[in-house]
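Have the sequence and the model side by side. We will go from strands to backbone geometry to a buried charge.

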Amino acid sequence: MTVRFGFSLQGRGVLAGKEAITTVATRAEQLGYDSIWVTDRMLIPVQSGSKYPYSPTGAFPLGPDEPWLESLTAVTYLVTITERINVGTSVLVIPYRNPIVTAKALATADYLSGGRVILGAGVGWWREEFAALGVPFEDRAARTVEYLRLMKEIWTRPRVAFEGRFARVAEAGGVRPHPARQPHIPIWIGGHSDAALRRVVAVGDGWHPLGLRPPVALHPPELAAKVRQLRDMAVAAGRDPSGITISFKAPLKFEDAPGATRAPLSGSPSQIVEDLRAYVAVGVQHFVLDFSVTTVPAMLEVLERFAAKVRPGVLDPS
């Protein structure tokens, strides 16, 4: 099985600067990384009663006054300044945007890049952000599935006609250029719940959960059970489970002197290699790593250290 490695580009704060993202992206491509990913936020509410699902306290880890790049624009910029590396969203909150606009923007980026876009897609969780955008919160899951179906119609047909609960399009052309990637841009569904797995089977080409962010763990045994569940669901729906990419997004931290209670994907390069191998053994094909550093020099250092000290040990266990 081919294993691929990408990382999350922190398109916010200091690392949201044009020079910063250009430097990091071009160096990652030189180092042979397979993918680079941008996150999605439209607004950060100052007052919020919503709980962030990947924090023990429920608090969102970033403040409201940091710069934050818009995802679709960032994807287009990144595919323009690179030549080989895939560029993805991790994850794009699908209900936030008109699906026709989203489909056209992503298709344009994929067409111009020669087929290097991956759509990580999610339903969203921040009720106050939905309210600010004028999008109903309660039907976000159903809206996401319908929007993705419409987007695939736009990407694959010479004309589009669609009749849904949330979107209606009388027959129309103008959908070309289609994505360069065939049959269409890969859709990797985010989330770890049973509902997320059902969305993978319904409209996804891959599963893209985030783990090792308490209270969401997804240690290898738990992830293995989820992968088995997903494959069984795919078979029951008449889908070939081998056609569904299994990815895994998680923080990674080098610690030359880890404590006695070392967290997975933290520690020395050799320890991290063993952790990654455990995830490969349960089916992970594509890692998206969050290096969680805040400066360009630190990001370049960790990119180079991972490429030199960790990646070879996972790709060639001998």
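Buried here means under 20% relative accessible area. The model is predicted.

Start with strand 2, residues 35–38. Which way do its side chains point? Ser 35 and Trp 37 point one way, and Ile 36 and Val 38 point the other way. All four are buried.

Now look at the neighbours of strand 2. Strand 1, residues 4–9, is joined to strand 2 by four bridges. The two strands run parallel. Strand 3, residues 86–93, is also joined to strand 2 by four bridges, again in parallel. Trp 37 lets you follow both pairings. In the pairing with strand 1, Trp 37 is the bridge partner of Ser 8. In the pairing with strand 3, Trp 37 stands opposite Gly 88.

What links strand 2 and strand 3 into a unit? Helix 2, residues 71–81, joins them in a right-handed β-α-β unit.

Next comes the backbone. Most residues other than glycine have a negative phi, and most peptide bonds are trans. This model has exceptions to examine. The peptide bond from Ser 90 to Val 91 is cis, with omega near -10 degrees. Val 91 belongs to strand 3. A cis bond also runs from Arg 176 to Pro 177, with omega near 5 degrees. Pro 177 sits in the loop between strand 6 (168–172) and strand 7 (187–190).

Two leucines deserve a look for their phi. Leu 212 has a positive phi of about 60 degrees, although it is not a glycine. Leu 218 has a positive phi of about 55 degrees and is not a glycine either. Leu 212 lies in the loop between strand 8 (206–208) and helix 7 (220–236). Leu 218 lies in the loop between strand 8 and helix 7. Are they buried or exposed? Leu 212 has a relative accessible area of 13%, so it counts as buried. For Leu 218 the value is 0%, so it is buried too.

Finish at Asp 110, in helix 3 (residues 99–113). Asp 110 is buried yet has no salt bridge. Which side chain of opposite charge is nearest? It is Arg 181, 4.4 Å away. A salt bridge needs a side-chain nitrogen of Lys or Arg within 4 Å of a carboxyl oxygen, so this pair does not qualify. The backbone of Arg 181 tells another story. Its nitrogen lies 2.9 Å from a polar atom of the Asp 110 side chain. Beyond its neighbours within four places in sequence, Asp 110 contacts Gly 115, Arg 116 and Val 117. Its contacts also include Pro 179, Ala 180, Arg 181 and Ile 185.

Technical notes. Residues numbered from 1 in each chain as written. Predicted model: local features only at pLDDT ≥ 70, side-chain atom pairs only at ≥ 80, totals over all residues. Heavy atoms only, no water. Buried < 20%, exposed > 50% of the residue type's maximum accessible area, 1.4 Å probe, protein only. Lys, Arg positive; Asp, Glu negative; His and termini not counted. Polar contact = N/O pair within 3.5 Å; in protein donor to acceptor, adjacent residues only side chain to side chain. Contact = heavy atoms within 4.5 Å. Pairing = 2+ DSSP bridges. Right-handed = clockwise from strand over helix to strand, strands pointing away.
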